[in-house]
Amino acid sequence: KYVNSPETPLFSKSQTIYGLPMARKSIQDEGIVMISEGYMDTVICHQFGVSNVVATLGTSLTGDHVRILQRYANTVLLTFDADDAGERAAIKASELFQSIDPELTIRIMRMPQGADPDSLLRSKGRDEFIRIAENALNIPEFRLEVLKKKFDVAQVNGREQFLRAALRLVADQKSTIDQ
């Protein structure tokens, strides 16, 4: 486990991106930056040949992180864990990216339940990881997937509740294309 160092005048976690020096060329070449939740996810991705992956330093994504990363890529792929915390973090991060640069393309990987980039690469391999990355969802699609899990859509009442909530979510989208 890593030691979670405090912020200091010389070390600002809110402005430092783990792995960026090693990933910069790949990010620029591909135009895509993949952001993982942790160091080990980033390390394993690089070991498996996915070299455009970075992570924050034990802190939530900040506006400073976004401004740094938008210099290198026009597409952001969030590769967060497939658990409730990862889903919440992905939604929060996607909203932050959109608020700072609405022109960025944001995609969110939909990994198998309980998986993260590390475990997915080790169990299924690079090809499966890339397949899932290529099929990543846009923000409204991802939010609808997360919302759907809250309702029993096998039942008529659950489907109606889901559709009402989904319509509110769609209506809240600023972009008519997303709507």
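**Notebook: strand 4 and its surroundings**

I began with strand 4 (residues 75-79) and found that five of its five residues are buried, so the strand is largely enclosed by the rest of the structure. I note here that the model is a predicted one.

**Entry 1: strand 4.** I looked up which way its side chains point. Thr75, Leu77 and Thr79 point one way, Val76 and Leu78 point the other way, and all are buried. I recalled that side chains in a regular strand alternate between the two faces of the sheet.

I then listed the pairing partners. Strand 2 (residues 32-36) pairs with strand 4 in the parallel sense, over five bridges. Within this pairing I located Ser36, whose bridge partner in strand 4 is Thr79. Strand 5 (residues 105-108) also pairs with strand 4 in the parallel sense, over four bridges. There I found Arg107 of strand 5 as the bridge partner of Leu77. I followed the chain from strand 4 through helix 4 (residues 84-100) to strand 5 and recorded a right-handed β-α-β crossover.

**Entry 2: helix 4 against helix 7.** I next examined how helix 4 packs on helix 7: the angle is about 155° and the axes are 11 Å apart. Because angles over 145 degrees count as roughly antiparallel, I entered helix 4 as roughly antiparallel to helix 7. Their crossing is left-handed. On the helix 4 side I listed Glu87, Ala90, Ile91, Ser94, Glu95 and Gln98 in the contact, and on the helix 7 side Ile139, Phe142, Arg143 and Val146.

**Entry 3: helix 7 against helix 8.** I turned to helix 7 (residues 139-148) and helix 8 (residues 156-171), which pack at an angle of about 155° with their axes 10 Å apart. I therefore recorded helix 7 as roughly antiparallel to helix 8. Helix 7 passes helix 8 in a right-handed crossing. Which residues meet at this contact? I found Pro140, Arg143, Leu144, Leu147 and Lys148 from helix 7, meeting Phe162, Ala165, Ala166 and Leu169 from helix 8. I marked Arg143 of helix 7 in this list and also in the contact with helix 4.

**Entry 4: helix 5.** I checked helix 5 (residues 117-124) for burial and noted Pro117, Asp118, Leu120 and Leu121 as buried. What covers these residues? The cover includes helix 2, strand 4 and helix 6 (126-134). Gly125 follows helix 5, and I noted its phi as positive, near 90°.

**Entry 5: two residues of helix 2.** I looked up Thr42, which lies in helix 2 (residues 39-47). Is Thr42 buried or exposed? Its relative accessibility is 2%, so I entered Thr42 as buried, the cut-off being under 20%. Leaving aside residues up to four places away in sequence, I found that Thr42 touches Tyr18, Ser36, Val53, Val54 and Ala55. Of these contacts, I had already met Ser36 as the bridge partner of Thr79.

I then looked up Cys45, also placed in helix 2. Cys45 has 0% relative accessibility and therefore counts as buried. With residues up to four places away in sequence again set aside, Cys45 touches Val50, Val53, Pro117, Leu121 and Phe129. Among these, I recognised Pro117 and Leu121 as buried residues of helix 5. Lastly, I looked up the separation between the C-alpha atoms of Cys45 and Phe151: the two residues are 106 residues apart along the chain, and these atoms are separated by 34 Å.

Conventions
Residues are numbered from 1 along each chain as its sequence is written. This is a predicted model: local features need pLDDT of at least 70, side-chain atom pairs count only at pLDDT 80 or more; totals for chains, interfaces and linings use all residues. Side-chain values use heavy atoms; hydrogens and water are left out. Helices (H or I, at least four residues) and strands (E, at least two) are DSSP runs, numbered from the N terminus. Buried means under 20% relative accessible area, exposed over 50%, partly exposed in between (1.4 Å probe, protein chains only). Contact means heavy atoms within 4.5 Å. Two strands pair if DSSP finds at least two bridges between them. A crossover is right-handed if, with the strands pointing away from the viewer, the path from the first strand over the helix to the second runs clockwise. Axes are lines fitted to C-alpha atoms, for helices over the stretch in contact, and angles run from 0 to 180 degrees between N-to-C directions. Angles under 35 degrees count as roughly parallel, over 145 as roughly antiparallel, 65 to 115 as roughly perpendicular and the rest as oblique. A crossing is left-handed if the near helix is turned anticlockwise from the far one by less than a right angle, and right-handed if clockwise.
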